[in-house]
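Got your viewer open? Keep the selection box handy, and let's take a walk through this chain, one stop after another.

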Amino acid sequence: MLIKPPADIRSSEITDKKLYVNRRQFIQAAGAIAGAATGVGVLTKGAAVLHAVQPAAHGAKLPNVKKGSPYSNTNGEVMNSWEQITTYNNYYEFGTDKDQPAELSRNFKTTPWTVSVEGECAKPGKYSVDDILKGETIEERVYRMRCVEAWSMVVPWAGIPLGNFIKRCGPTAKANFVKMSTLVNPKEMPGQRSDVLDWPYVEALRMDEAMHPLTLLAVGLYGEVMPNQDGAPIRLIVPWKYGFKGVKSIVKIEFVEKQPVNTWQHMAPREYGFYANVNPEVNHPRWSQASERRIGEFFMRKTLMFNGYADQVASLYTGLDLKKNY
């Protein structure tokens, strides 16, 4: 076992405080780590999620979810559990700690819900989630998800291609980018009472990225209605990009001519760019992106270019310097 002096430990390798506050769970984790040192390498289900927080209650089943999507691409990797996916979340609207979204989103109201479509399109207006899903086949797509902090999951999302909805909106020739914004509701989203970010949370894609068949408007998880802490009722999934690109609880979709500035690009431009493509050759200024730790595993694994989706999406960036356009 390699023991690093404190000065050599990257912040991405430091165990979150919430992972060790419970003594009994810490002891369980220690046993699992001992097993990993002898070659087991995978934490037990009980030790994989060490938070004291309760996972989301199971919700209503989504109707007629089509499984076996040809766009699922995990190389046979095991999906993370419902418990893991609903207790370890980045969702700053509900707090900056990984367990805060599960704790603080319980009273978040997601019905009724409308998404405002604006900008360079033929059919602007207010759309309910049912309007967005109308006439569409909800697919289950199992995607690898890679977070910029060097952790990852394999998640069975349920949703529809964003491109299908874009076509229905009729973007004009000036619509070069799709800009999306999260709800602002400090009363129900306590993280928005702080100035950790400028609200609302904003993300954007180039039109060709948004129209790519891998890009998903997700409304569920494991065939059930999306839990609050995972972005209910509707969120973006772009599996070849880092997770911060996946704007949650979307209330506005705008078709715009000029490239928008997304939230993290605005807040920390030296660390976050517009594209957010998973690229193990481009380090975050404070840690390497060459490896990642899958939630539920002990050992680090090699990070794949475009998160393993290079065959499908690399052509989108032909001629683009991915080290400058990070």
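Start by selecting A276. At 4% relative accessibility it counts as buried. You'll find A276 in the loop between α8 and β11 (291-294). Now check its backbone: A276 has a positive phi of about 60 degrees, although it is not a glycine. That is worth a second look, as most residues other than glycine have a negative phi. Keep in mind that you are looking at a predicted model.

Next, jump to N64, in the loop between α2 (45-48) and α3. N64 isn't a glycine either, and its phi is positive too, about 55 degrees. Is N64 buried or exposed? It is exposed, with a relative accessible area of 72%.

While you're looking at backbones, here's another thing to hunt for: most peptide bonds are trans. Zoom in on T111 and P112, where the bond from T111 to P112 is cis, with omega near -5 degrees. P112 sits in the loop between α4 and β1 (114-119). Then select A232 and P233, which are also joined by a cis peptide bond, with omega about 0 degrees. This time the proline, P233, is in the loop between β8 (224-225) and β9 (235-237).

Time for some rings. A search of the whole structure finds 14 aromatic pairs. Show the side chains of Y92 and W264: they form an edge-to-face pair, 5.6 Å centre to centre, with 80 degrees between the planes. How many residues apart are the two partners along the chain? They are 172 residues apart, with Y92 in the loop between α3 (82-85) and α4 (100-104) and W264 in helix α8 (residues 263-267). Both Y92 and W264 are buried.

Now try Y127 and F165, another edge-to-face pair, at 5.3 Å centre to centre and 90 degrees between the planes. Here Y127 belongs to strand β2 (residues 125-128) and F165 to helix α6 (residues 162-169), 38 residues apart. Both Y127 and F165 are buried.

For a bigger group, select F177, F274, Y275, F306 and Y317, which ring pairs link into a cluster. Add K245 to the view: it lies over the face of F274, at 4.2 Å from the ring centre. You can find a similar arrangement at K248, which lies over the face of Y91, at 5.3 Å from the ring centre.

Go back to α6 and colour L162, G163, F165, I166 and C169, which are buried. Look down the axis of α6: its buried residues fall within an arc of 160 degrees, so they line one face of the helix. A bit of background helps here: an α-helix has 3.6 residues a turn, so residues three or four places apart point the same way. Just after α6, G170 takes a positive phi of about 65 degrees.

Last stop: the core. In soluble globular proteins, nonpolar side chains tend to be buried together. In this model the largest nonpolar core has 78 residues, and W157, W240, I250 and F255 are those with the most contacts inside it. Which strand gives the largest share of this core? That's β4 (residues 151-161), with six residues. Finish by selecting F255 and what surrounds it: beyond its neighbours within four places in sequence, its contacts include V117, I166, C169, F177 and M207. You've already met I166 and C169 among the buried residues of α6, and F177 in the ring cluster.

Terms used: Residues numbered from 1 in each chain as written. Predicted model: local features only at pLDDT ≥ 70, side-chain atom pairs only at ≥ 80, totals over all residues. Heavy atoms only, no water. Phe/Tyr/Trp six-rings, centres within 6.5 Å; stacked < 30°, edge-to-face > 60°. Helix = DSSP H or I, 4+ residues; strand = E, 2+ residues; numbered from the N terminus. Buried < 20%, exposed > 50% of the residue type's maximum accessible area, 1.4 Å probe, protein only. Lys NZ or Arg CZ within 6 Å of the ring centre and 35° of its normal. Arc of directions from axis to C-beta. Core = buried A, V, L, I, M, F, W, Y, C linked by side-chain atoms within 4.5 Å. Contact = heavy atoms within 4.5 Å.
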